[in-house]
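Me: I would like a close look at a single part of this protein, set out as one connected account and tied to the chain around it. Please take the structure below as the starting point.

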Amino acid sequence: MELDHKNTMRYCRHILLPLVQEEGQERFLESHVVVIGAGGLGCAVLPYLAAAGIGTLTLFDHDEVDITNLQRQILHTEQSVGVNKAHSAHKMLNQINSTIQLNIIDKAFSAEYTHIIELADVIVDCSDNLETRLLLNELCWRYRTPLISGSAIRMEGQVIHFPMRAQDPCYACVTSLFGEQSLTCMEAGVLSPVVGTIGTIQATEALKSLLCLPPEKVSMTLYDARYLQFNTFDINKRSGCPICSIRAAD
């Protein structure tokens, strides 16, 4: 897509921003972002990336919409129950922005799709299991593809932006400290707007990555919805990490 008169009008609120301007919007239009999961987080991430004019969005999700999803997964409607989430999301996203390219893969992400990670500009991880998160982390580290990780449960959430620079820690460094969440939303519940808060932060970080505005240092941002508090903790690179300790400094 080109930044013609029509697009200039559509994205003028971006273009007015000193950190975006025409060059930044053109970068969005030329970018390819991959989103893993069209659940609670993905349903918040995807509309903003589509509305922002990301030229190509690739979405993975093998699951079907269930009535229990409707409380928080706002891209899906009552008519979507029983429909694959990726296809349901596609229908809504196309109404938000019909000018972008939407690639829908109605399967779980696996190593079969390594080439997609290699060619993408940013990966937004909205998955709900450690196996997928670790695989994405390994592939993103291998190809130096920025990874935006998010999760939410009960009235809490967290976001981490991994630029995948040689000096940075990776998601495997985090799991070595905290492990996997033992409960899921199905078991513990989640307040519906919490996934929206975390997902919109993930979308923001993805856009910042495309604008070459990565964090100076990798940190975990924790959100406590009950007390309306945000806390940030630096993440240290783990010596001997099987993923991120094997690449020499840039």
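How many residues has the largest nonpolar core, and which of them have the most contacts inside it?

Reply: The model is a predicted one, and everything that follows should be read in that light. The largest nonpolar core has 38 residues, and those with the most contacts inside it are V33, V35, L46, L49, I54, L57 and V124. Two or more residues of this core come from each of β1 (32–36), α4 (40–52), β2, α5 (85–96), β4 (122–125), β5 (147–153) and α10 (192–210). One way into the core is through L49, which, once residues up to four places away in sequence are set aside, touches V33, V35, I54, L57, V124, A203, A206 and L207. Apart from this core lies another, of 30 residues, with I36, C140, F162 and V174 among them. As a general background, nonpolar side chains tend to be buried together in soluble globular proteins.

The setting of the core is a protein with ten helices and eight strands. Its radius of gyration is 18 Å, close to the 18 Å that the globule rule gives for 250 residues, so the protein is as compact as a globular protein of that length. The C-alpha trace spans about 50 × 45 × 40 Å along its principal axes, and 49% of the 250 residues count as buried. Of the contacts with a separation of 6 or more, 68% are accounted for by residues 24 or more positions apart.

Strand β2, one of the elements that contribute to the core, can be followed further through two of its residues. T58 has its place in this strand; at 3% relative accessibility it counts as buried, because the limit for that class is under 20%. Leaving out residues up to four places away in sequence, T58 touches H32, V33, V34, V35, N103, I105 and I116, and of these V33 and V35 are also listed among the core residues with the most contacts.

The other residue to follow in β2 is F60, which brings in the aromatic rings. There are five aromatic pairs in the count. In one of them, the rings of F60 and Y113 have their centres 4.9 Å apart and their planes at 70 degrees, so the pair is edge-to-face. This pair links distant parts of the chain, since F60 is in strand β2 (residues 56–60) whereas Y113 is in the loop between β3 (101–105) and α6 (114–119), 53 residues apart. Both F60 and Y113 are buried. Y113 also pairs with F109: the centres of these rings are 6.3 Å apart and their planes stand at 35 degrees, so this pair is tilted. F109, like Y113, is buried, and ring pairs link F60, F109 and Y113 into a cluster.

Helix α10, another contributor to the core, leads to a polar feature. H161, placed in strand β6 (residues 156–162), is buried, with a relative accessible area of 5%, and its side chain is joined to that of E205 by a polar contact of 2.9 Å. Apart from neighbours within four places in sequence, H161 is in contact with L147, I148, E205, S209, P214, P215, V218 and S219. The loop between α10 and β7 (219–224) is the place of C212, which has a positive phi of about 60 degrees although it is not a glycine. C212 is exposed, with a relative accessible area of 57%.

The second core can be approached through helix α7, since C140, one of the residues named in that core, is also listed as buried in α7, together with L130, T132, R133, L136, N137, L139 and W141. The 14 residues of this helix (residues 130–143) should span 20 Å at 1.5 Å a residue, and its end C-alpha atoms are 20 Å apart, which agrees. At the start of α7, a side-chain oxygen of N129 reaches to within 3.4 Å of the backbone nitrogen of E131. The helix is followed by R144, whose phi is positive, near 60 degrees.

Notes
Residues numbered from 1 in each chain as written. Predicted model: local features only at pLDDT ≥ 70, side-chain atom pairs only at ≥ 80, totals over all residues. Heavy atoms only, no water. Helix = DSSP H or I, 4+ residues; strand = E, 2+ residues; numbered from the N terminus. Buried < 20%, exposed > 50% of the residue type's maximum accessible area, 1.4 Å probe, protein only. Polar contact = N/O pair within 3.5 Å; in protein donor to acceptor, adjacent residues only side chain to side chain. Contact = heavy atoms within 4.5 Å. Expected span 1.5 Å × (residues − 1). Phe/Tyr/Trp six-rings, centres within 6.5 Å; stacked < 30°, edge-to-face > 60°. Core = buried A, V, L, I, M, F, W, Y, C linked by side-chain atoms within 4.5 Å. Rg over C-alpha atoms; globule rule 2.2 N^0.38 Å.
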